[in-house]
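Reader: I have a new protein chain to look at, and I would like to understand the words people use for it. Could you take me through it?

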Amino acid sequence: MTVKTLQDLLDEGVDGRHVLVRSDFNVPLNDAGEITDPGRITASLPTLQALVEGGAKVIVMAHLGRPKGEVNARYSLAPVAEALSEALGQYVALAGDVVGEDAHERANGLTEGDVLLLENVRFDARETSKDEAERGEFADQLVELAADNGAFVSDGFGVVHRAQASVYDVAKRLPAYAGKLVEKEISVLEKTAVNPESPYVVILGGSKVSDKLGVIEALAGKADKIIIGGGMCYTFLAAQGYNTQKSLLQEEMIDTCRDLLERFGDKIVLPVDLVAAAEFSADSEHKVVALDGIPEGWLSPDIGPDSVEKFAEVIATSKTVFWNGPMGVFEMAPFSQGTKGVAQAIIDATADNGSFSVVGGGDSAASVRVLGLKEDGFSHISTGGGASLEFLEGKELPGVSVLDR
Ligand code: ADP
Ligand code: MG
């Protein structure tokens, strides 16, 4: 691939030019609308700072959550604009709309080194439209904001696996460059995708079960062990005949899981015990149980301590480890032990065994910070979940291939 990078753009000169940047600011918010983990904002700073220093008029495009094409104050980027202003050390204005009058006025009014954040691009249904013409029309309007001689920098690694207007169609319409974050993510992930040193251990958890079953199939050839915990594991346990009660379960995937177990059973490592809770709440009654011991009507929000130990033994032997998806509902303190234990085992393998460790996934990365673990204990914490998984699966990332020309 021959992708131009931010450095190429800086060499060409950005002074006084409008530069549209796609960043990933899809940060977790609590019920009060406060940012609970600013990791993705922090990761976007190097690119934005370099453009500011180069004298660009920076216009940032980003999304937050799934407002489904409608303006919804709950998904406003206002808290992001505030956090970004603070992190950058300069005022970042938030446009009142995406491609409307306010965005235009503010874009026109930018001076060298200013940063403008557009409102959530997913307030416009055309952003994620399957219809290329619809997306194109929206992309044209975004590109108009960049006036003559504009440029596009793709820096939202978490969205490069999506062919969306602000990621893909805008890149087709302007001179386009990979930002520092995208460049760094790709080069690190290539190390795990192309020639991972074995033993290569993949750990999968989280809640997007059907999204991730394909990964198992794709990685089974390369990985030596695939550890499965979190919301992922109950469909496998059900396939083995266990009654998972009210635990997260994707019934229509049980057969697929059974098939995966038959084909890759020697590689797949499942929990040996679980935490069971009477209800899905932090103060629920709970206890450690055997796989067949979830009380009737209860659910399992975490793996048990013996599972953590078993997983840790496998992780300790690794030379390459990729982790996507929390082992339990880590957001609730009583159910964070599985995630914490597995994360710590990865940190230990990195330090003691020289294992090359990569964490991918918004919630997984957030869990590392929220649980107070050492961020620099991992070789790399990716800002993209779906994007890093798809990259490791060997799928084409439309937001990256569109930069190739
Ligand atoms: P990532 O963002 O790292 O790719 P996902 O988005 O797939 O991960 O999943 C993260 C979510 O999975 C977390 O919010 C966590 O609470 C949830 N989760 C993990 N284990 C369970 C479980 N046993 N039951 C329900 N939800 C779970
Ligand atoms: Mg997630």
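**Reading the fold**

Author: Happily! In this predicted model, the protein chain has 15 helices and 15 strands.

Reader: What makes the protein chain as compact as a globular protein of that length?

Author: The globule rule gives 22 Å for 405 residues, and the radius of gyration is 22 Å, close to that value, so the chain counts as compact in the way a globular protein of that length does. Along its principal axes, the C-alpha trace spans about 65 × 40 × 40 Å.

Reader: What share of the 405 residues is buried?

Author: Buried means under 20% relative accessible area, and 58% of the 405 residues are buried.

Reader: Why is the pairing of E14 and E15 counted?

Author: Two strands pair if there are at least two bridges between them. Strand E14 (residues 356-359) and E15 have two bridges, in the parallel sense, so they meet that cut-off. Valine 358 stands opposite histidine 380 in E15.

Reader: What makes E9 and E15 edge strands?

Author: The open sheet has six strands in the order E9-E8-E7-E13-E14-E15, with parallel pairing. Strand E9 (268-269) and strand E15 (380-381) each pair on one side only, and that is what makes them edge strands.

Reader: Which strands does helix H8 lie across?

Author: Helix H8 (residues 209-219) lies across E7, strand E8 (225-228), E9 and E13, and runs at about 170 degrees to E7. Helix H7 (residues 180-193) lies across strand E7 (200-204), strand E13 (320-324), E14 and E15, at about 125 degrees to E14.

Terms used: Residues are numbered from 1 along each chain as its sequence is written. Chains are lettered from A and ligands numbered from 1 in the order in which they are written. This is a predicted model: local features need pLDDT of at least 70, side-chain atom pairs count only at pLDDT 80 or more; totals for chains, interfaces and linings use all residues. Side-chain values use heavy atoms; hydrogens and water are left out. Helices (H or I, at least four residues) and strands (E, at least two) are DSSP runs, numbered from the N terminus. Contact means heavy atoms within 4.5 Å. Axes are lines fitted to C-alpha atoms, for helices over the stretch in contact, and angles run from 0 to 180 degrees between N-to-C directions. The radius of gyration is taken over C-alpha atoms; the globule rule is 2.2 Å times the number of residues to the power 0.38. Buried means under 20% relative accessible area, exposed over 50%, partly exposed in between (1.4 Å probe, protein chains only).
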